[in-house]
Amino acid sequence: MMLRHIRYFLAVAEHRNFTRAAEALHVSQPTLSQQIRQLEDVLRTQLLDRSGRHVQLTDAGVAWMRYAKLALQDLDAGVRAIHDVSELNRGSLRLALTPTFAAYLVAPLMDRFHGLHPGITIDIQELTQDQIEAQIADDRLDAGIAFEPVHSADIVSEPLFRETLSLVVGRGHARATRRKPLSAQDFARERLVLLNKAFATRRYIDEYCMQNRIRPQVAIEASSIGAIVEIVRRGQLATVLPDRIAREHAELHHVLLEPPLPARTVVLLQRKDGYRTAASKAFVQALKEVVEVFRR
């Protein structure tokens, strides 16, 4: 059995079609079919049911696919280990974070890390926490920044700092100069622009509203913190964001709520027992240095 047999099998299992799998692999369909037959001969079992319109996994195929994926993950990690350079003159880092961090954490973090290791290329994605956990577990990310609790057993988390949320308004909003905390009932009267329900921050806000038996007036839902900030900055809608975002924008003001939204714990996410490249280790060190400021 060779590595290509595993890749070919997983491609057919994903596409459920030999033609599309062959196109994705850039091989001919007869070659692909021959390689799959060889794999089945080696394993002495049928992995694919070819009798229907679409190719289906047999029971044996379903069982073997899990181990094939794990083997491929480990082999890919081995390739990265071979090319890892301890001096960090080159390398790569795959990072994902939930959207709120893009507004106040990414810039100082990347400035710190890139300043120390300019040879490391960085791929940053903004994803929901569920997506981050899934991609780390599949070894498609080296690290993620999100919140407790973590739901995947394949992920290990490390606390970084506590984050507080407040009502945020533009300077032209009637609440901009308010010093007293806003009650939950008054908060329920505010017209809001919020992240959509796919994001952890929105679920956090909805849980707060349920606990206080209020229904928020959501006028706009968005998937971009940048869009929300601009809408609030220029108009009369309010939002709920981390206090630090308001501090980054002179035209935004945060209004305390009573009862306040509970602080939440920001965590670093990595794959349990996964290989840690030199780049990912250096990133974790830079991250801890940057977030030390947020603990004060």
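**Exercise 1. The largest pocket**

Task: In this predicted model, find which helix gives the most to the lining of the largest pocket, and describe that lining.

Solution.
Step 1. Helix 4 gives the most, with 6 residues.
Step 2. Helix 4 covers residues 59-83, and helix 1, covering 3-15, also supplies at least two residues of the lining.
Step 3. The space in this pocket comes to about 360 Å³. It is lined by 13 residues, and the closest to the pocket centre are Lys69, Leu72, Gln73, Asp138 and Arg140.
Step 4. Sorted by character, the lining holds 8 charged, 4 nonpolar and 1 polar residues.

**Exercise 2. The second largest pocket**

Task: State the volume of the second largest pocket, and say which helix provides the largest share of its lining.

Solution.
Step 1. The volume is about 230 Å³.
Step 2. Helix 4 provides the largest share here, 5 residues.
Step 3. Among the lining residues are Arg66, Lys69, Leu70, Gln73 and Asp74, together with Arg271, Lys272 and Asp273.
Step 4. By character, 8 residues of this lining are charged, 3 are nonpolar and 1 is polar.

**Exercise 3. The enclosed space**

Task: How many cavities of 30 Å³ or more does a search of the whole structure find, and what lines the largest cavity?

Solution.
Step 1. The search finds 1 cavity of that size.
Step 2. About 60 Å³ of space lies inside the largest cavity.
Step 3. Its lining consists of Arg80, Arg94, Asp139, Leu141, Asp142, Arg271, Gly274, Tyr275, Arg276 and Ser280.
Step 4. These divide into 6 charged, 2 polar and 2 nonpolar residues.
Step 5. Arg271 is part of this cavity lining, and Arg271 also lines the second largest pocket.

**Exercise 4. The nonpolar cores**

Task: Give the number of residues in the largest nonpolar core, and follow the contacts of leucine 105.

Solution.
Step 1. In soluble globular proteins, nonpolar side chains tend to be buried together.
Step 2. The largest nonpolar core has 44 residues, and Phe101, Leu105, Ile145, Leu160, Phe161, Phe283 and Leu287 have the most contacts inside it. Helix 11, residues 278-291, contributes the largest share of this core, 9 residues.
Step 3. A second, separate core has 20 residues, including Phe18, Ala21, Leu39 and Leu47.
Step 4. Leaving aside residues up to four places away in sequence, leucine 105 touches Ile145, Val290, Val291 and Phe294.

**Exercise 5. Two glutamates**

Task: Decide whether glutamate 190 is buried or exposed, then do likewise for glutamate 230.

Solution.
Step 1. Glutamate 190 sits in the loop between helix 7 (184-187) and strand 9 (191-195).
Step 2. Buried means under 20% relative accessible area. Glutamate 190 has a relative accessible area of 8%, so glutamate 190 is buried.
Step 3. The side chain of glutamate 190 makes a polar contact of 2.7 Å with the side chain of arginine 175. Another polar contact, of 3.2 Å, joins the side chains of glutamate 190 and histidine 173.
Step 4. Beyond residues up to four places away in sequence, glutamate 190 touches Leu167, His173, Arg175, Leu182, Gln217 and Ala238.
Step 5. Glutamate 230 belongs to helix 9, residues 225-234. Partly exposed covers the range between under 20% and over 50%. The relative accessible area of glutamate 230 is 31%, so glutamate 230 is partly exposed.
Step 6. From C-alpha to C-alpha, glutamate 230 and valine 284 are 31 Å apart in space, and they are 54 residues apart in sequence.

Terms used:
Residues numbered from 1 in each chain as written. Predicted model: local features only at pLDDT ≥ 70, side-chain atom pairs only at ≥ 80, totals over all residues. Heavy atoms only, no water. 1 Å grid on protein atoms, 1.4 Å probe; cavity = no way out; pocket = protein on both sides within 12 Å on 5 of 7 lines; lining within 4 Å. Points joined across faces, edges and corners; volume = space filled by probe spheres on them. Helix = DSSP H or I, 4+ residues; strand = E, 2+ residues; numbered from the N terminus. Nonpolar A, V, L, I, M, F, W, Y, C, P; charged D, E, K, R; others polar. Core = buried A, V, L, I, M, F, W, Y, C linked by side-chain atoms within 4.5 Å. Buried < 20%, exposed > 50% of the residue type's maximum accessible area, 1.4 Å probe, protein only. Contact = heavy atoms within 4.5 Å. Polar contact = N/O pair within 3.5 Å; in protein donor to acceptor, adjacent residues only side chain to side chain.
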